[in-house]
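This report describes one helix and its surroundings for a reader new to the structure. Please view the sequence and the model first.

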Amino acid sequence: MNAIGICGLQLYFYGETVSIPFFTKTWRPYSFYEKIQRNRSLGLHTLCLLDIRVKEPSFESLCRGRKQYEPPRFMTINTAIEQLLEVGQLQGEPAYNEDTDCVGFSRLGSEDQMIVAGTMRQLQKVDFGAPLHCLVIVGKTHLVEEEMLDFYKLTDDITQQNDNGTVNFSLE
């Protein structure tokens with residue numbers, strides 16, 4: 001959680017951390033929304049930890065009493081933003097929207113870590129690569145924080161896109 005400070009947002013200005021779970025057809029929990037809304041109303045940043053599904057027993061194996069696991073799944077920033085926007089649209093006055101500033105992180109602490117700042121709309125087009133991913137919804141920023149975010153900010157002139165419309169982008 002402290003590694004998130006690399007983006008330049010001051011740790012003092014983070015509110016409560018939330019976890020974003022994978023939605024299913026029958027299970028779509030929105031409990032994280034209230035925490036994000038509270039953080040945003042106070043001008044605080046929100047660290048969103050994204051779901052990791054490792055060694056999850058399949059429904060069939062639970063019914064049959066055998067240990068059989070589903071393949072590992074790691075939530076991407078793209079999926080998290082999609083789910084966040086879905087929840088936000090269901091609220092009367094959403095706490096965030098496609099134009100809300102965020103920072104996406106992948107593989108923090110490794111040699112190929114990736115940090116990208118931009119709006120939710122912009123980050124949805126970025127291919128963050130291999131897991132693990134997390135996301136920060138930016139609150140009110142200080143001048144020093146804004147300077148650091150500018151260092152990681154996406155520009156609209158990125159044209160290198162792959163077949164599914166995501167941007168292949170890395171900082172080196």
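## Helix α1 and its surroundings

Glycine 43, with a positive phi near 75°, follows α1; helices (H or I, at least four residues) and strands (E, at least two) are DSSP runs, numbered from the N terminus. This is a predicted model, in which local features need pLDDT of at least 70 and side-chain atom pairs count only at pLDDT 80 or more, while totals for chains, interfaces and linings use all residues. Residues are numbered from 1 along each chain as its sequence is written, and side-chain values use heavy atoms, leaving out hydrogens and water.

Helix α1 spans residues 31-41 and contains serine 31. Serine 31 is exposed, at 59% relative accessible area; exposed means over 50%, buried under 20%, and partly exposed in between (1.4 Å probe, protein chains only). Between the C-alpha atoms of serine 31 and serine 19, 12 residues apart in sequence, the distance is 9.4 Å.

The two sets of residues in α1 are listed below.

| Set in α1 | Residues |
|---|---|
| Buried | Phe32, Tyr33, Ile36, Asn39 |
| Exposed, on the face turned away from the buried side | Ser31, Glu34, Ser41 |

The buried residues lie on the same side of α1 because they cover an arc of only 125° around the axis, taken from the directions from the helix axis to the C-beta atoms. They pack against β1 (18-20), β2 (46-50), α3 (77-90) and β8 (133-137).

The mean pLDDT (the predictor's confidence in each residue, from 0 to 100) is 87, and 89% of residues reach 70 or more. Residues 159-168 have pLDDT below 50, with 17 contacts in the model beyond near neighbours in sequence; contact means heavy atoms within 4.5 Å. Where pLDDT is low, the predicted coordinates should not be read in detail.
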